[in-house]
Protein chains: 2
Amino acid sequence: MPTVTFLPGYRKVTVPGGTTILDAARAAGLSMNVVCGGQGKCGKCLVFIKEGTATFDRDKYRRFFSDDEIARGACLACQATVVGDVLVNVPAESLIQEQKILVEVPGQEGIPFNPAVRKYVVRLEPPSLDDTTPDLTRVLEGIEKQGGPPPTSIYAPLDVLCFLPLVLRRNEWNATATVALAPVGYRLSSVDGGDTSERLYGAAVDLGTTTVVAYLWSLTDGRILATASNYNRQISCGEDILSRVNFSRKSGLSQLQQLATESINEALTTAADTAGIDREEIFEVMVAGNTVMTHLFLGIDPAYMITEPYIPVVRRMLSTGAGQIGIAAHRNAEVYTFPAVSNFIGGDIIADILATGMTDREEATLMVDIGTNFEAVLGNSDWMLSCAGAAGPALEGGEVLFGMRANPGAIERVAIDAETLTPTCSTINGVRPRGICGSGLIDLLAELLRTCVIDRTGRINLDISHPRVRKGQYYPEYVVAWKKETSVGKDIVMTENDIRNLIMSKAAIHGACMTLLDAAGLEPGDIGRVCFAGAFGNYLNKENAITVGLIPEMPLDRVENIGNGAITGANIALINRKRRKELDAIARRITYIELNAEPSFMDRYTSSCFLPHTDFTLFPHVQQMLEACRAKQGVRSWQA
Amino acid sequence: MPTVTFLPGYRKVTVPGGTTILDAARAAGLSMNVVCGGQGKCGKCLVFIKEGTATFDRDKYRRFFSDDEIARGACLACQATVVGDVLVNVPAESLIQEQKILVEVPGQEGIPFNPAVRKYVVRLEPPSLDDTTPDLTRVLEGIEKQGGPPPTSIYAPLDVLCFLPLVLRRNEWNATATVALAPVGYRLSSVDGGDTSERLYGAAVDLGTTTVVAYLWSLTDGRILATASNYNRQISCGEDILSRVNFSRKSGLSQLQQLATESINEALTTAADTAGIDREEIFEVMVAGNTVMTHLFLGIDPAYMITEPYIPVVRRMLSTGAGQIGIAAHRNAEVYTFPAVSNFIGGDIIADILATGMTDREEATLMVDIGTNFEAVLGNSDWMLSCAGAAGPALEGGEVLFGMRANPGAIERVAIDAETLTPTCSTINGVRPRGICGSGLIDLLAELLRTCVIDRTGRINLDISHPRVRKGQYYPEYVVAWKKETSVGKDIVMTENDIRNLIMSKAAIHGACMTLLDAAGLEPGDIGRVCFAGAFGNYLNKENAITVGLIPEMPLDRVENIGNGAITGANIALINRKRRKELDAIARRITYIELNAEPSFMDRYTSSCFLPHTDFTLFPHVQQMLEACRAKQGVRSWQA
């Protein structure tokens, strides 16, 4: 059966002879413009036959085409039928929307598939005394004939020119050209012998302080081929950002750069091996990382970011040749790093923003990414405000006696029976508990409040006579798991001190959100959506987050967890060149509010150091719920 | 006395306090628009005070300025007087023509000085908690404030970002940014500490098969600082193009590339040492070479140019980082190579064309570059035709018994007394003769014809009884210099065989010119100008060139020698970015006529194998002159 190949994108479909090109296009997943329903009356389904033949009565439909279009093989897809193998170029205007092919990006569905790098199979006439066109021009004209950009808009790097004559002659003038969108115009990244059009890959990378995550994409059809993640090898030079910068200041910059590159290469290699592809055929890499990680990865000194007045060297999106910085991809692959807003609102947060889709919406979205630090962005398609602060390590498990990261054995969900005060816990991987991770801590805080074990200031009510509520060695504490149930050989408890640290962390975040709302002149009720990004948000119980006052009170269906927004955003920017192109403009549009310089923040923070807040009227439903609990349990007033 | 510095270009002038900025500008060589003669009535001499103060009554002349202009320090140059040191930005509109500063390029005067690379001295506010602009943005904004391009149009390479934070902080935020025009937008080539604005250099290079010539320019003020020339070190791998390509085919490409680079570096180093400048401050290099030389220099395989169907890899202008190809300049300097039309019409010929200025003229110019091969271009601002062929080595001194290159001891001019047949020769450097170079050979040919020693077929008239006219060992010959007068220990003669070779060479050139004229539908009389390029043309006696029929007959004042057009063109493209930008378009506009495929060429050639031509009516003045000579001397008829 004949194969019909559709350009651009080289979608292939095999159909019986006599099938219309319109039906073949449908089978290939393309939705063409057929206003008349395929009767040959509207002329909207214009396509060009580039190679092979199709039966089509050109004279009958002559009125729909210009002379130039006729010369280029114009047909109506609904009236042309396939005879043998045929190569069809589908102009964007003949598709129903400008962008037709939607791709499911984990974390955000329906992203138009429009990558910035494309392959063009060129089957060239060999040169002759009558046609002495130079090799490069011949290839560029071949690209244009295949629907690619015009020759003068394509820049050809020297190394491609050095290989070019041999590649063309060894492969009888059949080659595949890889053309990437450059900041302006296009770049001829490679010319390879034969037809390699189905092997075109790209990678999206989340370069986290702790973990590197990579997604490997086929850029011909928008499939994810493999994912991989591994630790950031820089951990050997310090666990957190600050210690990395300090290491870099002691002549460690080039080592940190190398470790970042190695970490990314490890993920790319694992993903490429899993997918069974050659890393040399990765032609684009999109890296999202915070501002310090991005500086370190590129070998740019981050030292001035950690001392007053805290200045980054560069904020804009940068692109660098993979060969130049040692990334395991095609040497002419371009490695893009996300732009940043400031030291604290880095490329990872811009990627989060892309993942929320907030820049496309009229309603205001509040995005909160919580880790050791938190970043919050409030805005819509018109405006954006951001701030950042130390959440304190409490929510990541630090400064809490039994706190831990979200690793196996971490208690991630807790419910406490109001009658018996017995907790029901679930741990990551279902193993015996070792400690409590962020989402478990928020659950505990909310449940202890709901069951009146703690009051709104976070104090444990030692009047309660229950074995789980006890004085403890240093602080009053609540026993979450008895020694025999755990894998650590001791009771897992939450102390009053832990609770105080947690409250301060959540107060900082709530205070920051309120400061952003103030600055925008909005009330919590004006927020259309709250998005939690980051691993913490992924497991968070939304209701409990509101109960403890981590975020302003709002209907639960407005709260979403977007998970790892950094990798989602990197994926989106990889597969959609329009979105990528907007990133610098998005970053520039974001106003950064320095919380320490904002007097109202301190007030907001102090008022939030209550559960859920000193001002109960801001949390009317929580108040109602807590008062119902109190009434039911008959313990002392919530009005501390 | 106060110093007034004019942007862009940092022209400085010291003037007494109270001088008007208009007068200061005049002193600095700037011609400003002063329609009203400097009475403050026309408002055309708008300038902006960037730093320092000038006395100016803004209220009085308020009507000439927009609010924005006022905010940027607008003044009328004719009404503002200098108080102390002042930095003045002069918008292009305030200068009499768009391009004001004309530079004398050897070979072509009055080229507007408009280099593609500029320096901007930025005196930045140090960052503070209130102004946390990143280093890069701070510099780019500083550039814009100095009249440079907007920040988003400037690309910053990674290595500049790596040095940036230290450079700024070590120099208390005073720095000089070097910004080069990129194919699209601009490139931040370097940021250096302090004020280095007066040290900005560029180099133009003629990469000849035999010789490399370099001109070193100051790109701040358009002065030539030094020139240098040396042999092309590739000579060790073969004297001519063909043997170089053959050497390259035997795995010698990288060696030839390296030798080309070393040859250019030698010239650049000599020039830089002569001028006392640092090569690292050369920010642009413009290289003109023939198509094979350009391929070899860039390491692109030229093998396919010398076998059928004779295909170059690339024809367009290329730009490559100096660091990438090892050129001794700033690592981010861009090295440009001239575009080519074909294998035979290379970048050197495009440079020749630039040197003739023919693309700016309505009248047709015929440009002929003669070496071992010749290239001819006929055209004007609308159209251009070109062809090339083997001149045979006769005109360069090969295939002629006593022929030699234009080196010391070469007879370069000859006159023969019609009565005595005694020649008067002048040699290069005035030393005893060793041989005869091209211009001497053409003189001899014309003089022997004029004195009736040879007839129009080139045969020597042995009937003449004179010791200088003799039978010779193999061929009849004319003695140009007696043994005792020479430095070679034997008589220097010109043989009938030499004359035959010379006639074939000149016939090829004349035939090519006529073929171009035919193709353009022109007669010799339609040619406004003939330009000889190349060393040969430099010493050529124009009248003799017409007498022997090297070019069509025309008034002598229409014939010019432009000398080394390759270096002139390279100089022009270096100092004028508009001219450079047009080069690709010029190259694309030139139609190449393959003489071997042109049947009329053979006829034209055969008809030209006479002195001056078989058809005397094409050379009426030569005919008249020769008939007068014949009549005077009474020898046998010129109608051979």
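Q: What turn and shift lay chain A on chain B?
A: This is a predicted model, and in it a turn of 180° with a shift of 0.1 Å along the axis puts chain A on chain B, at an RMSD of 0.2 Å.

Q: OK, what relation is that?
A: It's the relation of a two-fold axis.

Q: Which C-alpha of chain A is nearest the axis?
A: That of V184(A), which sits 3.4 Å from the axis.

Q: How many residues does each chain put into the contact?
A: Chain A brings 44 residues and chain B brings 44 residues.

Q: Why say the copies meet through the same surface?
A: Because 100% of the interface residues of chain A are interface residues in chain B too.

Q: What area gets buried between chain A and chain B?
A: About 3300 Å², and carbon and sulfur atoms give 68% of that.

Q: And how many salt bridges, and how many residue pairs in polar contact?
A: Between chain A and chain B the salt bridge count is 0. For polar contact there are 10 residue pairs, counting those with both residues at pLDDT 80 or more.

Q: Which elements of chain A give two or more residues to the side that touches chain B?
A: There are helices α3 (135-145), α4 (158-170) and α7 (322-325), plus strands β9 (154-155) and β16 (318-321), in chain A.

Q: Which one gives the most?
A: α4(A), with 7 residues on the side of chain A that touches chain B.

Q: How does that side break down by class?
A: On the side of chain A that touches chain B you get 27 nonpolar, 9 polar and 8 charged residues.

Q: Switching to chain A as a whole: how many helices and strands?
A: Chain A has 16 helices and 29 strands. Its C-alpha trace spans about 100 × 60 × 50 Å along the principal axes.

Q: What share of chain A counts as buried?
A: 59% of its 640 residues. As for contacts in chain A between residues at least 6 apart in sequence, 65% of them join residues at least 24 apart.

Q: Now the backbone. Where is there a cis peptide bond in chain A?
A: Between E308(A) and P309(A), with omega about -5°. P309(A) is in the loop between α6 (291-298) and β16 of chain A.

Q: What about the bond from E308(B) to P309(B), cis or trans?
A: That one is cis, with omega near 0°. P309(B) lies in the loop between α6 (291-298) and β16 (318-321) of chain B.

Q: What's phi of Y310(B)?
A: Near 60°, so a positive value in a residue that isn't glycine. Y310(B) is in the loop between α6 and β16 of chain B.

Q: Is Y310(B) buried, exposed or partly exposed?
A: Partly exposed, because its relative accessible area is 33%.

Q: And what about phi of E172(B)?
A: Phi of E172(B) is near 50°, again positive in a residue other than glycine. You'll find E172(B) in the loop between α4 (158-170) and β10 (174-181) of chain B.

Q: Buried or exposed, that E172(B)?
A: Exposed, because its relative accessible area is 64%.

Q: One more: where does S263(B) sit?
A: In helix α5 (residues 241-275) of chain B. S263(B) has 0% relative accessibility, so S263(B) counts as buried.

Q: What is S263(B) in contact with, leaving aside neighbours within four places in sequence?
A: With V212(B), plus N230(B), Y231(B), N232(B), R233(B) and Q234(B).

Technical notes: Residues are numbered from 1 along each chain as its sequence is written. Chains are lettered from A and ligands numbered from 1 in the order in which they are written. This is a predicted model: local features need pLDDT of at least 70, side-chain atom pairs count only at pLDDT 80 or more; totals for chains, interfaces and linings use all residues. Side-chain values use heavy atoms; hydrogens and water are left out. Contact means heavy atoms within 4.5 Å. Buried area is the accessible area (1.4 Å probe) that two parts lose on being put together, summed over both. A salt bridge is a side-chain nitrogen of Lys or Arg within 4 Å of a carboxyl oxygen of Asp or Glu. A polar contact is a pair of N or O atoms within 3.5 Å; within protein, one must be able to donate a hydrogen and the other to accept it, and residues adjacent in sequence count only if both atoms are side-chain atoms. Helices (H or I, at least four residues) and strands (E, at least two) are DSSP runs, numbered from the N terminus. Ala, Val, Leu, Ile, Met, Phe, Trp, Tyr, Cys and Pro count as nonpolar, Asp, Glu, Lys and Arg as charged, and the others, Gly among them, as polar. Copies are superposed by least squares on the C-alpha atoms of residues with pLDDT of at least 70 in both. Buried means under 20% relative accessible area, exposed over 50%, partly exposed in between (1.4 Å probe, protein chains only).
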